[in-house]
Amino acid sequence: MTIIVRRLWFFLITVWAALTLNFILPRMMPGSPTAALMARYKGRLNPAAINALQAAFGLRTHESLPQQYVDYLNNTIHGNFGLSVTFFPSKVSTVVLQALPWTLFLAGTTTIIAFVLGTFIGMVVAWRRGGVVDGVLTPGFVVLSTIPYFWLGLICIYVFSISHSWLPMGFGYDENSNISLSWSFIQQVAVHALLPALTIIITAIGGWILTMRNNMIGTLSEDYVRMARAKGLAPLRIMVLYAGRNAILPNLTGFAMALGFVVSGLLLTEMVFTYPGIGYLFLQAVDNEDYPLMQALFLFVTLTVLVAILLADVVNAVLDPRTRSRE
Amino acid sequence: MYQHIAVDDEARVAPVLPQSKLPARPGMLARVGSVILSNRKALVGVIILAAIVVTAVFAPVLAPYDPNATVGPPGAPPSHAFWLGTTSQGQDILSQLIWGSRETLIIGIVAGLAATMLAVLIGVSAAYLGGVADNLLSSVTDIFLVIPALPLMIVIAAYARGGGMWVLIGVIAITGWSFGARQLRPQALSLRNREFLESARVRGENSAYVIVFEVLPNMVSLIVAIFLGAALYAILAAAGLQFIGLGNPSDLSWGTMLYWGENNEALMTGSPLWIVAPGTCIALLGASVAFINYAVDELANPSLRGARRKRAKK
């Protein structure tokens, strides 16, 4: 279990690094954007809120930098990110927490589908290396994985929503309905999520296929696979249980590296589909120069990604005995 | 024990050995050329990339109109005069596409190079210096590897609003180096105890000389692969950032074309080519880089090569 402890340490250090980056960035930049922001708040805020914002953006010049840093950490740990400019008197934390479930839902389902499908296709393609399937699918997915997510999203909107109006072109549910747990609402959510999910899966799957293919080519040349062949086991069994099973592990480790790219694509896809999650919130924050919201979003996304990586590490430690025995 | 490690390391860097075995070393260019011709994926990639580079270089000759001037009716469909139609301001989409290739390519190349240089600097230093420095640099690399890049890029670019191309290049380089550094460190580590480095050190060469003239030449194929990956990342990231309006919208590039197309609701108003065309070009450029990268990967890792069977038949 030492590996888990070590990963926990890394988790904490990275959270600290992200917090510190968040602290340094506004202070490194030429002061005008945040000063302009404060000018816009004048007369609209109570002193306490102004105080919190000044602490967050380094506008308290009479305080020393370490004192500002301590104040900032204290505010952030207590979930006090200030007020959003875009959704004015709402707190940033409230706005972000409303959007987070949407993104988690979309990211979770698409990542799992893309991973399972991609791993399976990669397995088959490596098994039939040099064949027609490999010759067509592999370069095909190389091309697909270089398509910008948001652009594919735009094309999907054009084909499915504008030209044919088969599917709704944006948002998470029908405009006039309220959020509830009714059957019709769940249906709406599913229909609205279909296009963004499709976009993400199509562009994300290529990476999984390619890494799985490369891993699988490695395991296929192992002696235990030759042994299995010599024993006359069924090809399907060798492919899945012998070569495939061992090729999945590095793919799972690659999950951590891929996640950053997946999240970036996901955020852009949400922007295109005006899906009510973190990505769309980011776009609104950019449009309105809403720095408090933007910085809180950066922290939340980083934290979510880190938790996901930690989970992948735990799964990896459970599945792969070697990671457990290593000191 | 020491020797045992050295032998083990030698086996691991085996792919770099064959070149020294060749009797008369053919020119680097000739070798790369023959590899490209023999690999269909690489060939396709090189042809697409060359076409885009030629377009960018000869933009003033190739573009039929001034890309920023109103030269036709707004939102015109494709016609003989305007092959890809016009924007809602009556600008020629084809001319914008041709001129826009320049900034897109420059960002890809410069940001890709900058990220690669950072990766080499940090990855190789970590391996070569070892000890505390290695721990520190490796941790920084790991942290940058897992911090999601797009949100960080958005925050930095939003603070430096209106900075244009150079801000984008800086932001991409800062967020894009960690993947390469992570790949370079183990290879540099495996070279560290090789005998030719030992002999250079015994000769009294300083660390900088050893790194630049002895270590780096042995990692060329990996560095090229890292550059291609970084360039691909830069092209896609720049397109994304410009699309959401974080570039300088008055610059002309494929990303800003997407931004203006989307903001003028090109898809809704019947000029889809305003968005389809630059997106297709970005995808083509990205695919060409990915194909070349894929071929380099096969070159560096012989087990991935499909050609092995043919050779066996001979």
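How many salt bridges does the rule find across the interface of chain B and chain A? The rule finds zero there. Please keep in mind throughout that this is a predicted model.

Let me describe that interface first. On the chain B side, 49 residues are in contact with 52 residues of chain A. Together the two chains bury about 4500 Å², and 80% of that area lies on carbon and sulfur atoms. Although salt bridges are absent from the interface, four residue pairs, both members at pLDDT 80 or more, are in polar contact across it. Seen from chain B, the helices that each supply at least two residues to the side touching chain A are H7 (131-146), H8 (149-159), H10 (178-191), H13 (220-243), H14 (254-263), H15 (273-300) and H16 (308-313). Of these, H15(B) gives the most, with twelve residues. By class, the chain B side divides into 35 nonpolar, six polar and eight charged residues.

I turn now to one helix pair that joins the chains. Helix H1 of chain A, residues 2-28, and H7(B) have axes that come within 10 Å and cross at roughly 75 degrees. The crossing angle therefore makes H1(A) roughly perpendicular to H7(B). From H1(A), the residues involved are Phe10(A), Ile13(A), Thr14(A) and Ala17(A), and they meet Asp142(B), Ile143(B) and Val146(B) in H7(B). Five residues of this contact are nonpolar, one is polar and one is charged.

Where, then, do salt bridges appear? Over all chains, the count by this rule comes to eight. One pair to consider is Asp313(A) with Arg7(A), whose closest N and O atoms are 2.7 Å apart. This salt bridge links distant parts of the chain, since Asp313(A) sits in helix H12 of chain A (residues 291-319) and Arg7(A) in helix H1 of chain A, 306 residues apart.

The same two helices also pack together: the axes of H1(A) and H12(A) are 10 Å apart, at an angle of about 170 degrees. H1(A) is therefore roughly antiparallel to H12(A). Their contact includes, from H1(A), Ile3(A), Arg7(A), Phe11(A), Thr14(A) and Asn22(A), and from H12(A), Gln295(A), Phe298(A), Leu306(A), Asp313(A) and Ala317(A). In terms of class, the contact has 18 nonpolar, four polar and two charged residues.

One residue deserves a final remark. Thr14(A) takes part in the contact of H1(A) with H7(B), and Thr14(A) is also among the H1(A) residues that meet H12(A).

Conventions: Residues are numbered from 1 along each chain as its sequence is written. Chains are lettered from A and ligands numbered from 1 in the order in which they are written. This is a predicted model: local features need pLDDT of at least 70, side-chain atom pairs count only at pLDDT 80 or more; totals for chains, interfaces and linings use all residues. Side-chain values use heavy atoms; hydrogens and water are left out. Contact means heavy atoms within 4.5 Å. Buried area is the accessible area (1.4 Å probe) that two parts lose on being put together, summed over both. A salt bridge is a side-chain nitrogen of Lys or Arg within 4 Å of a carboxyl oxygen of Asp or Glu. A polar contact is a pair of N or O atoms within 3.5 Å; within protein, one must be able to donate a hydrogen and the other to accept it, and residues adjacent in sequence count only if both atoms are side-chain atoms. Helices (H or I, at least four residues) and strands (E, at least two) are DSSP runs, numbered from the N terminus. Ala, Val, Leu, Ile, Met, Phe, Trp, Tyr, Cys and Pro count as nonpolar, Asp, Glu, Lys and Arg as charged, and the others, Gly among them, as polar. Axes are lines fitted to C-alpha atoms, for helices over the stretch in contact, and angles run from 0 to 180 degrees between N-to-C directions. Angles under 35 degrees count as roughly parallel, over 145 as roughly antiparallel, 65 to 115 as roughly perpendicular and the rest as oblique.
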